[in-house]
Amino acid sequence: MSEQQVKLSVTEKIGYGMGDAASNIIFQTVMTFLAFFYTDIFGISAAAVGTLFLSVRLLDAITDPLMGSLADRTETRWGKYRPYLLWLCVPYALICILTFTTPDWGDNAKLIYAFVTYSLLMIMYTAINIPYCALGGVLTSDPQERVSIQSYRFALASLAGIFITACTLPLVDYFGGDNKALGYQLTMIFMSIIGIALFLMCFATTKERIASPKREKVSIKRDLKLLLKNDQWVIVAIITFTVMFAVIIRATVSLYYVNYVLEQPSLATAFVTTGMIGMFLGTLFAKPITDKFCKVKVYRYTILLIASLCFCLYFLNPSFIILAFVFQFVIGFLQQMTTPIIWVMMTDTVDYGEWKTGERLTAFTFSGSLFILKLGMSVAGAIAGWILAFYGYQGGENQTESALEGINLLFTIIPAVASLFAFYLVRHYRLNKSELAKVQTKISTESEPEQKLQPELG
């Protein structure tokens, strides 16, 4: 077995997953708590929060490709991508703490503070997460091992998510009591220390095995042209945006849904944690199912089932609390079962891009994917804030029937429509197991592109 197709040890797979567990301490906190923190603790209007989430993404159009090109050209004794976990884990943690710090300033000053700290947080997320994602593409070239790596990764990320959703609000109460602002700040200090330790574990237990030619001259324009020639990456990027939009818009309003639609604020922690438990179990099923069935078909029809469940949830009577928890669990299970698959699809497009263009753009490809992912995240957050404002939501108050309808639409119908669109898009992705094997064979024999892959739709 070649060094590139080595079977990875469980220790290395767990170690790699620790990196996403560390990232998820930030990612899950932002998804689940930041909008609520801004509107109900920090005191920013819902419309301003929506604009804030979207405007920060303009920075990503610069920082994401720049970070991808920089990482691909990094040369150290530790490799191209691992060093960034070591160099940036502490700055990342510090910015996270500042984001959840609430200075006692005027409205305009607080909005500026939120913009600056959230922008810095997303820049640091880019700087550490793009190399981390690229690292998963150079551990091994074995297709099944890649699925296994991503399954470990998202299982551990989901465990971190369970920890975040189960512990954040209780820790806020424990550290801050009636002072919720102080509680959030001290909670994030605690979470950030854990995140630093997990990043260092990831750095210490992984090894880069797939080498790419040394690329010294930075030309983002050229790299971007090469990336856009990768038609399969373009398809995956659009799918990623659409699915992330659906996932984030539900996560953003989950606390609003349980507090105001279900009228069960005491069950807020239990509700979001139920979804995270479903997500953890979903990751465990990704590999065994894709071992038996085509990963593309599994992904496509799981997305269809998610859309159907979201549509049904819209009509749920709010008094059926237990059934609401069941929906939350099942949707979380299905969502996270698809997550390792989409990241494997991203990794496979790196191989396809190398075959098609003759150059391997590992980190740059993932920087593009991460930009699209964050764009979906920010658009979802923006639309959530704007729709809440449009329907008359007022933070910390009893809500009108109109505001409740807006929350319900955001939690059910809007993500259902997005999921249906993703279901349609997946039919255009064709890097199944047999076609990927052809691509990797062509790469290994250094042959020129001979013919386009024939689609195999399912």
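A residue counts as buried when its relative accessible area is under 20%, as exposed when that area is over 50%, and as partly exposed in between. The structure shown above is a predicted model, and this vocabulary serves throughout the account that follows. Serine S254 gives a first example: its relative accessibility is 4%, so S254 counts as buried. This residue is found in helix α10. Apart from its neighbours within four places in sequence, S254 is in contact with T32, F271, V272 and F411.

The confidence of the prediction should be considered before further details. The mean pLDDT of the chain is 87, and 95% of the residues reach 70 or more. In residues 447-458, however, the pLDDT is below 50, although this stretch has 21 contacts in the model beyond near neighbours in sequence.

Helix α1 offers a second buried residue. T29 has its place in this helix, and because its relative accessibility is 1%, T29 counts as buried. When residues up to four places away in sequence are not counted, T29 touches N24, L34, F100, I164 and M188. One of these partners, M188, belongs to the buried residues of helix α7.

Helix α7 itself covers residues 180-205 and has 26 residues. From its first C-alpha to its last it reaches 38 Å, which is close to the 38 Å expected at 1.5 Å a residue. Its buried residues are G183, Y184, T187, M188, M191, S192, G195, L198, F199, C202 and F203. The numbering of this list can be read with a general rule in mind. An α-helix has 3.6 residues a turn, so residues three or four places apart point the same way. Against which helices do the buried residues of α7 pack? They pack against α1 (10-42), α4 (82-99), α5 (107-136) and α6 (143-176).

Aromatic rings form another theme. The model contains 30 aromatic pairs. In one of them, Y256 and Y393 meet edge-to-face, with 5.1 Å from centre to centre and 85° between the planes. This pair links distant parts of the chain, since Y256 lies in helix α10 (residues 254-261) and Y393 in the loop between α14 (362-390) and α15 (401-411), 137 residues apart. Y256 is buried, with a relative accessible area of 1%, and Y393 is buried as well, with 6%. A further edge-to-face pair joins Y314 and F315, at 5.0 Å centre to centre and with 85° between the planes. Here Y314 is partly exposed at 22% relative accessibility, whereas F315 is exposed with a relative accessible area of 65%. Aromatic residues also gather in a cluster formed by F37, Y38, F42, F53, F100, W105, Y113, Y118 and Y184.

Rings may also meet charges. The charged end of R82 sits over the ring of F203, 4.5 Å from the ring centre. Likewise, the charged end of R153 sits over the ring of W343, at 4.1 Å from its centre.

R153 leads on to the salt bridges, of which the model has 17. D20 forms a salt bridge with R153, and the closest N and O atoms are 3.3 Å apart. The two residues come from distant parts of the chain: D20 is in helix α1 and R153 in helix α6, 133 residues apart. Both D20 and R153 are buried.

A second salt bridge joins the side chains of D348 and R146, at 3.4 Å from N to O. D348 lies in helix α13 (residues 321-357) and R146 in helix α6, and 202 residues separate them. D348 is buried, with a relative accessible area of 1%, and R146 counts as buried at 2%. R146 and D348 also belong to a network of salt bridges that links them with K295, D351, E354 and R360.

In a third salt bridge, between D231 and K356, the closest N and O atoms are 2.7 Å apart. D231 lies in helix α9 (residues 231-252) and K356 in helix α13, so the pair ties together parts that are 125 residues apart in sequence. Are these two residues buried or partly exposed? D231 counts as partly exposed at 22% relative accessibility, and K356 counts as partly exposed at 30%.

The backbone provides a last point. Most residues other than glycine have a negative phi. E263 is not a glycine, yet it has a positive phi of about 55°. E263 is placed in the loop between α10 and α11 (268-292), and at 60% relative accessibility it counts as exposed.

Key: Residues numbered from 1 in each chain as written. Predicted model: local features only at pLDDT ≥ 70, side-chain atom pairs only at ≥ 80, totals over all residues. Heavy atoms only, no water. Phe/Tyr/Trp six-rings, centres within 6.5 Å; stacked < 30°, edge-to-face > 60°. Helix = DSSP H or I, 4+ residues; strand = E, 2+ residues; numbered from the N terminus. Buried < 20%, exposed > 50% of the residue type's maximum accessible area, 1.4 Å probe, protein only. Lys NZ or Arg CZ within 6 Å of the ring centre and 35° of its normal. Expected span 1.5 Å × (residues − 1). Contact = heavy atoms within 4.5 Å. pLDDT = per-residue confidence, 0-100. Salt bridge = Lys/Arg side-chain N within 4 Å of Asp/Glu carboxyl O.
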